[in-house]
Amino acid sequence: MKKEWFAAKELAGIPGLPSSPQGINLRAKRDDWKKRRRSGVQGKALEYHIDNLPDNILNILRLNENNVQYRVNKKESSSILIEAIERLTESKREKVISFITSFGTEGLIELIDQRQADNPQEKSPLKQED
């Protein structure tokens, strides 16, 4: 990840973390997170380092990072997929599960390959490993 420091408001509401910035600050204080003052902000605004966060939270932050380029290892790939599916609306989640149940992961890969063939200028967010 490019970004190493996050404000409480950026972390609030991520599944597995408190839903408010105040809750993040309380958790950070309780768990003695590595912190620093935010520059250019009045008051006691703090940022917290990514080393404080568990792997499942880091995976969610990676999903949210724009144009992320990283290699997925086998250990985290299933949790990334689960998080991505859980964040869908109920109707979209049902479509994805129904598609994979009907056509399998190979059918999903065929769709991805077709989309890449139809849109060669579109860059894949993941480095491919066959």
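Q: In this predicted model, which residues of α2 are exposed, on the other side from its buried ones?
A: Start with the buried set in α2: Gly 23, Ile 24 and Ala 28. Looking down the axis of α2, these fall within an arc of 135°, so they line one face of the helix. The exposed residues, each over 50% relative accessible area, sit on the other side: Gln 22, Leu 26, Lys 29 and Arg 30.

Q: What do the buried residues of α2 pack against?
A: The residues to follow here are Gly 23, Ile 24 and Ala 28, the buried ones in α2. Their packing partners are α1 and β3.

Q: Which helix gives the most to the largest nonpolar core?
A: That core has 15 residues, with Leu 11, Leu 17, Trp 33 and Leu 53 making the most contacts inside it. α1 (8-11), α2 (21-30) and α3 (55-64) each chip in at least two residues. The top contributor, with four residues, is α3.

Q: Why is one side of β1 and of β2 left without a neighbour in the sheet?
A: The three strands make an open, antiparallel sheet ordered β1-β3-β2. β1 (5-7) and β2 (35-37) are left with a free side because they stand at the edges, each with a single partner strand.

Q: Which residue in β3 stands opposite Arg 37?
A: β2 and β3 (residues 46-49) run antiparallel and are joined by three bridges. Across from Arg 37, in β3, you'll find Leu 46.

Definitions and conventions. Residues numbered from 1 in each chain as written. Predicted model: local features only at pLDDT ≥ 70, side-chain atom pairs only at ≥ 80, totals over all residues. Heavy atoms only, no water. Pairing = 2+ DSSP bridges. Core = buried A, V, L, I, M, F, W, Y, C linked by side-chain atoms within 4.5 Å. Buried < 20%, exposed > 50% of the residue type's maximum accessible area, 1.4 Å probe, protein only. Arc of directions from axis to C-beta. Contact = heavy atoms within 4.5 Å.
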